[in-house]
Amino acid sequence: MGRAIPEQDQNLTETSSKSNLTQAIEAISSLISYSYGIKVFPAKWKLIRSKLEELNSGLIAIENCNSCQNPVLSGLTSAIIVSSNDCSDLARRCVDLSYNGKLWMQSDLDVMAAKIDRLVKNLSGICTAGILTHGFAIVVSKPGANACKDDMRFYVRDVLTRMKIGDSEMKRQALVNLVEIVTSDENYVKVVAEVGEIVNLLVTLLDYVEKEIQEQAAKVVAVISGFDSCKYVLTGAGVVGPLIRILESGTELGKEGAVKGLKKLTENSDNAWSVSAHGGVTTLLRICNSSDSRGELVGPACGVLRNLVVVEEIKRFMIEEGTVSTLVKLAKSKDESVQISSIELLQIIACGDESVRGLVIREGGISALVQLLNPRNPSTSKSREIALRAIENICFPSASCVGILMNYGFMNQLLFYLRNGDVSLQEMALKVASRLSGTSEEAKKAMGEVGFMAEFVRFLDAKSNEVREMAAEALSSMVLMPKNRKKFVQDDQHIGSLLQLFDQEGTNSGNKRFLISILMSLTSSNSGRRKIVSSGYLKNIEKLAEAEVSEAKRLVRKLSTNRFRSLLNGIWHS
């Protein structure tokens, strides 16, 4: 039988072990700092330093463990101290340039890197066997707000060690800490990208058996996938497959993190095929089709599909799977994010594709978009803006679609938002109305009848130069139609409002060109010419003609009948 260790001897053993562990940590920390001053063989020393940092963070993580639980630890710390001394000797010779030859020293450095790597793996094996548990671990404090990069790297290394060799609870807590730092400070994201091993471990943890670990890992990926420095590292580590597996069988929180990560990663179209190859398109469509899916999941899922649809083959597959019908249904959702994401995807699929446009009409897509604009419906301004943009892109290229819109009462709704929407929605309505005026003669006529011209005149005096020019261009198109022109001239204030605008210094040349074009159209009628000349603002046009503005001179010539020549004396000889 083995003899029991006396308590006093056991305490001495523990003290000795802890002393060795502390000595090992101090030796490696000192060596890491010293290595930054080495100028030769920089690539090899960078590799050695990386392995030393990993070894150091592992030792610090277990510094509070009772070594009697694993006698091998004592032997390992002694081996680490010996290797640290040997590495320090190599470092000193590199600083002093006192080595015998470059090839010889390079070989020694390779041997040392391999030796430290073995020590890291041995330490990992000991900890995996159970020596590092939540009860024994020392938690390294998070650096302050103005911490240097070395402190940040040290903290990330410590988190990495806990993720790698800790028990489930420690892994979970380490991931929580990682979520916190990458969310609050993007400098930590850069450190994570540099410590490539942490990304590989994150990808592994996405497939971890415990769902809580999956959730936290997916949260981290959702954050760091938004940074270019991490995107390529993540895709290179094979992150797409595990994310899709979480979408298929993970928890709701895990799925939300996974879909957000995929949305950011697929902003690079190169990753579209990877998602498709892992069955991601079918999985995403299933999420959008499910009545059990929450808006926090459906909205981003539509966002991922929007990124994928740029690939024609994927687009055709989505259409064959009934995506148009699904998106029309989602456009009627009460969730703003779902409305917006589904409508944006719908317009991308239908834009420039006559067959899909017909499918959108048959599935009730146009009706759904117009219903979204109904002022009595509780839609947000943002949703209505998106709906207007979708209507413009899907319907306006087709005369038959414009006719369907008019039958649905779209004109009255558009006019309502020109008059009553907030600034952003009004500007979008103006843009759509401006383009609508150029789609067909029937559209112009209908717009003239319901009162669009008066609203265009009102926008001619807007603060935004872009809005003023848009309104002037739309109005110049509207008054080309005789019936609209006649209606416009009947309002005495319209012509005066136009001529007053030439007095404003902020009126740019493009806007003046459209305004003069409007006046030129109005001179086609005697009533229009008479009101222009008698308005009291004709001097504004005369000044432009005298300044050699060709359009103004043509307008003045148009007005120069025998009846009005006395009023315009002296301009024609300029």
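No disulfides turn up in this predicted model: the count of cysteine sulfur pairs that meet the rule comes to zero. For orientation, a disulfide is a covalent bond between the sulfur atoms of two cysteines. Two of the cysteines can be placed by their accessibility. Cysteine 148 has a relative accessible area of 41%, so it counts as partly exposed. Cysteine 351 ends up in the partly exposed class too, with a value of 43%.

As for the overall fold, the chain is built from helices, 33 of them, with zero strands. It runs to 574 residues, of which 52% count as buried. Contacts reach well along the sequence: among those with a separation of 6 or more, 72% join residues 24 or more positions apart.

Two residue pairs give a feel for such long-range pairings. Right after cysteine 351 in the numbering comes glycine 352, which sits in the loop between helix 18 (336-350) and helix 19. Glycine 352 counts as exposed because its relative accessibility is 70%. Its C-alpha lies 8.4 Å from that of asparagine 393, although 41 residues separate the two in sequence. The other pair involves glutamate 473, found in helix 27 (residues 465-478). With a relative accessible area of 41%, glutamate 473 is partly exposed. Between the C-alpha atoms of glutamate 473 and serine 434 there are 7.4 Å, and along the chain the two are 39 residues apart.

Helix 22 is a good place to look at how one helix is set among others. This helix spans residues 399-407, and Cys401, Val402 and Leu405 are buried in it. Those three share one side of helix 22, because they cover an arc of only 100° around the axis. The pattern fits a general point about helices: with 3.6 residues a turn in an α-helix, residues three or four places apart point the same way. The other side of helix 22 carries Ala399, Ser400 and Asn407, which are exposed. What do the buried residues of helix 22 pack against? Their partners are helix 19 (354-362), helix 20 (365-372), helix 21 (381-395), helix 23 (410-420), helix 24 (423-436) and helix 25 (441-450). Just past the end of helix 22, glycine 409 adopts a positive phi of about 85°.

Positive phi values also crop up away from glycine. That is worth a remark, since most residues other than glycine have a negative phi. Phenylalanine 41 is one case, with phi near 50°. It belongs to the loop between helix 1 (7-35) and helix 2. Its relative accessibility is 12%, so phenylalanine 41 counts as buried. Leucine 97 is another case, with a positive phi of about 55°. Like phenylalanine 41, leucine 97 is a loop residue, here in the stretch between helix 3 (72-96) and helix 4. Is leucine 97 buried or exposed? At a relative accessible area of 53%, leucine 97 is exposed.

Next come the empty spaces. Rolling a probe the size of a water molecule over the atoms shows where empty space is left. The largest pocket has a volume of about 400 Å³. Its lining consists of 18 residues, and Ser50, Glu53, Arg157, Glu194 and Val195 are the closest to its centre. Which helices supply at least two residues each to this lining? They are helix 2 (42-61), helix 4 (102-131), helix 5 (149-165) and helix 8 (196-205). Helix 2 gives the most, with six residues. In terms of chemistry, the lining of the largest pocket has 12 charged residues, along with three polar and three nonpolar ones.

Closed spaces are present as well: the structure holds three cavities of 30 Å³ or more. The second largest cavity encloses about 40 Å³. Around it stand Ile28, Leu52, Leu55, Ile80, Ser83, Ser84, Cys87, Met112, Ile116 and Leu119. Helix 2, helix 3 and helix 4 each bring at least two residues to this lining, and helix 3 gives the most, with four. By class, the lining of the second largest cavity has eight nonpolar and two polar residues, and no charged ones. Helix 2 and helix 4 thus appear in the linings of both the largest pocket and the second largest cavity.

Methods. This is a predicted model: local features need pLDDT of at least 70, side-chain atom pairs count only at pLDDT 80 or more; totals for chains, interfaces and linings use all residues. Side-chain values use heavy atoms; hydrogens and water are left out. Buried means under 20% relative accessible area, exposed over 50%, partly exposed in between (1.4 Å probe, protein chains only). The arc is that of the directions from the helix axis to the C-beta atoms. Contact means heavy atoms within 4.5 Å. On a 1 Å grid over the protein atoms alone, a cavity is a set of points where a 1.4 Å probe fits but cannot get out, and a pocket is an open set with protein on both sides within 12 Å along at least five of seven lines; lining residues have an atom within 4 Å of a point. Grid points are joined across faces, edges and corners, and a volume is the space filled by probe spheres set on the points. Ala, Val, Leu, Ile, Met, Phe, Trp, Tyr, Cys and Pro count as nonpolar, Asp, Glu, Lys and Arg as charged, and the others, Gly among them, as polar. A disulfide is a pair of cysteine sulfur atoms within 2.5 Å.
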